Amino acid sequence: MTFEEYVGSRGPALLRLARLLTGDAHRAEDLTQDVLARAYVHWRKIARADRPDVYVRRMLVNANSSWWRRRSSRELAVDTFAERPERGDLGGEAADRDEMWRLIRALPDRQRAVLVLRYYEDLDDATIAQILDCSPVTVRTHAMRALAQLRERCGAPTTKGSRQ
């Protein structure tokens, strides 16, 4: 597969992954463009790999983490939000989704990446482990901790002894 064919078929999915990782459409476009520019230079090597998509996704996740490390100032997450609209109206549902994304964006990079790769990209633990360069057990641990932290911040009851 040529680089152009790969970008044509997987480009939108990579951009979606970047948007979910960054939480910002413009930053996601920049991140995806940077990663694809670096992938283009090494495309022969990447294309020979068993799963080039895993390689490029790993580049995307790593580039996002590197950007956060370089950033000198970060937004601060808050515990409370403005008034919450009543359930049933579309504005209230959108506000709930927005609140959940704020909580997800406040998670550590690896935990956020695991949730995005698992629930939005619908990848299994083994593939996520390859992308993040860790073991499947580590992936499950990150997911467990991320979900527990989200439950705690949302005020949902914790489920002791059950699997996430």
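At 8% relative accessibility, Glu121 counts as buried, because the cut-off for burial is under 20%. In this predicted model, Glu121 is placed in the loop between α6 and α7. Leaving aside residues up to four places away in sequence, Glu121 touches Arg10, Ala13, Arg16, Leu17, Arg57 and Val116. Ala13 and Leu17 also appear among the buried residues of helix α1. The contacts of Glu121 thus offer a convenient entry to the rest of the chain.

The chain as a whole contains 8 helices and 0 strands. Read along the sequence, its pattern is α-α-α-α-α-α-α-α. Of the 164 residues, 35% are buried. Among contacts with a separation of 6 or more, 59% join residues that stand 24 or more positions apart.

Helix α1 covers residues 3–22. Although α1 has 20 residues, its end C-alpha atoms are only 24 Å apart, whereas a straight helix would reach 28 Å at 1.5 Å a residue. The axis of α1 bends by about 55 degrees at Arg10, a residue that is also touched by Glu121. A proline, Pro12, follows within four residues of the bend. The buried residues of α1 are Phe3, Tyr6, Gly11, Ala13, Leu14, Leu17, Ala18, Leu20, Leu21 and Thr22. An α-helix has 3.6 residues a turn, so residues three or four places apart point the same way. Just after α1 comes Gly23, which takes a positive phi of about 80 degrees.

Leu21, one of the buried residues of α1, leads to a second part of the structure, around Val61. Val61 is found in helix α4. Its relative accessibility is 3%, and Val61 therefore counts as buried, the cut-off being under 20%. Val61 touches Leu21, Ala113, Leu117, Ile131 and Leu132, when residues up to four places away in sequence are not counted. One of these partners, Leu117, is 56 residues from Val61 along the chain, yet the C-alpha atoms of the two are separated by 9.9 Å.

Val61 also belongs to the lining of a cavity. How many cavities of 30 Å³ or more does a search of the whole structure find? The search finds 1. The largest cavity has a volume of about 40 Å³. It is lined by Leu21, Val61, Asn64, Ser65, Asp109, Arg110 and Ala113. Two helices, α4 (52–70) and α6 (109–120), each supply at least two residues of this lining. By class, the lining has 3 nonpolar, 2 polar and 2 charged residues. Leu21 and Ala113 line the cavity and are also contact partners of Val61.

The loops that come after α6 and α7 complete this account. Asp122 lies in the loop between α6 and α7 (125–132), where Glu121 is also placed. Is Asp122 buried or exposed? At 67% relative accessibility, Asp122 counts as exposed, because the cut-off for exposure is over 50%. Glu121, by contrast, counts as buried at 8%. Phi of Asp122 is near 55 degrees, a positive value in a residue other than glycine.

The loop between α7 and α8 (136–154) holds Asp133. Asp133 has a positive phi of about 55 degrees, although it is not a glycine. At 61% relative accessibility, Asp133 counts as exposed.

Note on methods
Residues are numbered from 1 along each chain as its sequence is written. This is a predicted model: local features need pLDDT of at least 70, side-chain atom pairs count only at pLDDT 80 or more; totals for chains, interfaces and linings use all residues. Side-chain values use heavy atoms; hydrogens and water are left out. The expected span of a helix is 1.5 Å times one less than its number of residues. The bend at a residue is the angle between axes fitted to the seven residues ending there and the seven starting there. Buried means under 20% relative accessible area, exposed over 50%, partly exposed in between (1.4 Å probe, protein chains only). On a 1 Å grid over the protein atoms alone, a cavity is a set of points where a 1.4 Å probe fits but cannot get out, and a pocket is an open set with protein on both sides within 12 Å along at least five of seven lines; lining residues have an atom within 4 Å of a point. Grid points are joined across faces, edges and corners, and a volume is the space filled by probe spheres set on the points. Ala, Val, Leu, Ile, Met, Phe, Trp, Tyr, Cys and Pro count as nonpolar, Asp, Glu, Lys and Arg as charged, and the others, Gly among them, as polar. Contact means heavy atoms within 4.5 Å.
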